[in-house]
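Visitor: I work at the bench and would like a close look at one part of this fold. Please pick a single helix and walk me through its surroundings.

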Amino acid sequence: MTARRAVARRYWLLGKPGILRLIAILYENGAMPLHHIPRYGMGVGTTYRSASDAAKLGLVELYYCGSSKCARLTAAGAKLGERLHLLLRALEEVGLAEPLPGDGAPREARRETPEHGV
């Protein structure tokens, strides 16, 4: 692999903002049906495409909950989600992101059960 290609691969995922948004949403709000994710500002097409791409990368697990297709983070996705959460906190501090409603802790940290028994 050439040095140029190695550098390009290093930053490849940063060019996929839909995947990063999906992971951040799932980390902060817990597992959920894919049709609920557009409520957090992602387009429907971007949601489903990003979920498929993230599953291929091993960052989310797609499964059926009732008649809906749902997503939850894998261990690798949760690790990335934690780092994205820290980035969002830093963006909040400089006024470039809105804080989460409530106490601002991710759903996993609040120990709530996710929707639809997932």
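**One helix and its neighbours**

Guide: Happily! Let's start from one residue: Ile19, which is found in helix H2. Here helices (H or I, at least four residues) and strands (E, at least two) are DSSP runs, numbered from the N terminus. Please keep in mind that this is a predicted model, in which local features need pLDDT of at least 70, side-chain atom pairs count only at pLDDT 80 or more, and totals for chains, interfaces and linings use all residues. Residues are numbered from 1 along each chain as its sequence is written, and side-chain values use heavy atoms, with hydrogens and water left out.

Ile19 counts as buried because its relative accessibility is 2%; buried means under 20% relative accessible area, exposed over 50% and partly exposed in between, with a 1.4 Å probe and protein chains only. Leaving aside residues up to four places away in sequence, Ile19 touches Leu13, Ser50, Asp53, Ala54, Leu57 and Leu59, where contact means heavy atoms within 4.5 Å. Ala54 is 35 residues away from Ile19 along the chain, with 6.0 Å between their C-alpha atoms.

That leads us to helix H3 (residues 44-56), whose axis comes within 9 Å of the axis of H2 and crosses it at roughly 85°. Axes are lines fitted to C-alpha atoms, for helices over the stretch in contact, and angles run from 0 to 180 degrees between N-to-C directions. H2 and H3 are therefore roughly perpendicular to each other; the label covers 65 to 115 degrees, while under 35 is roughly parallel, over 145 roughly antiparallel and the rest oblique. On the H2 side, Gly18, Ile19 and Leu22 meet Thr46, Ser50, Ala51, Asp53 and Ala54 of H3. By class, this contact has four nonpolar residues, three polar and one charged. Ala, Val, Leu, Ile, Met, Phe, Trp, Tyr, Cys and Pro count as nonpolar, Asp, Glu, Lys and Arg as charged, and the others, Gly among them, as polar.

Helix H4 (residues 75-93) is another partner: its axis and that of H2 (residues 17-29) come within 8 Å and cross at roughly 90°. That makes H2 roughly perpendicular to H4. H2 brings Leu20, Ile23, Ala24, Tyr27 and Glu28 to this contact, and H4 brings Gly77, Ala78, Leu80, Gly81, Glu82, Leu84, His85 and Leu88. The contact of H2 with H4 counts eight nonpolar, three polar and two charged residues.

H2 also lies across strands E1, E2 and E3, at about 85° to E3. These strands form an open sheet in the order E1-E3-E2, with antiparallel pairing; two strands pair if DSSP finds at least two bridges between them. E1 (32-33) and E2 stand at the edges, each with a single partner strand, so one side of each has no neighbour in the sheet. Six bridges join E2 (residues 60-65) to E3 (residues 68-73). Among the facing residues, Glu61 stands opposite Arg72, and Tyr63 has Cys70 as its bridge partner. Two residues lie between the strands of this hairpin, where Gly66 takes a positive phi near 70°.

Cys70 appears again in a disulfide with Cys65, at 1.6 Å from S to S; a disulfide is a pair of cysteine sulfur atoms within 2.5 Å. Both of these cysteines, Cys65 and Cys70, are buried.
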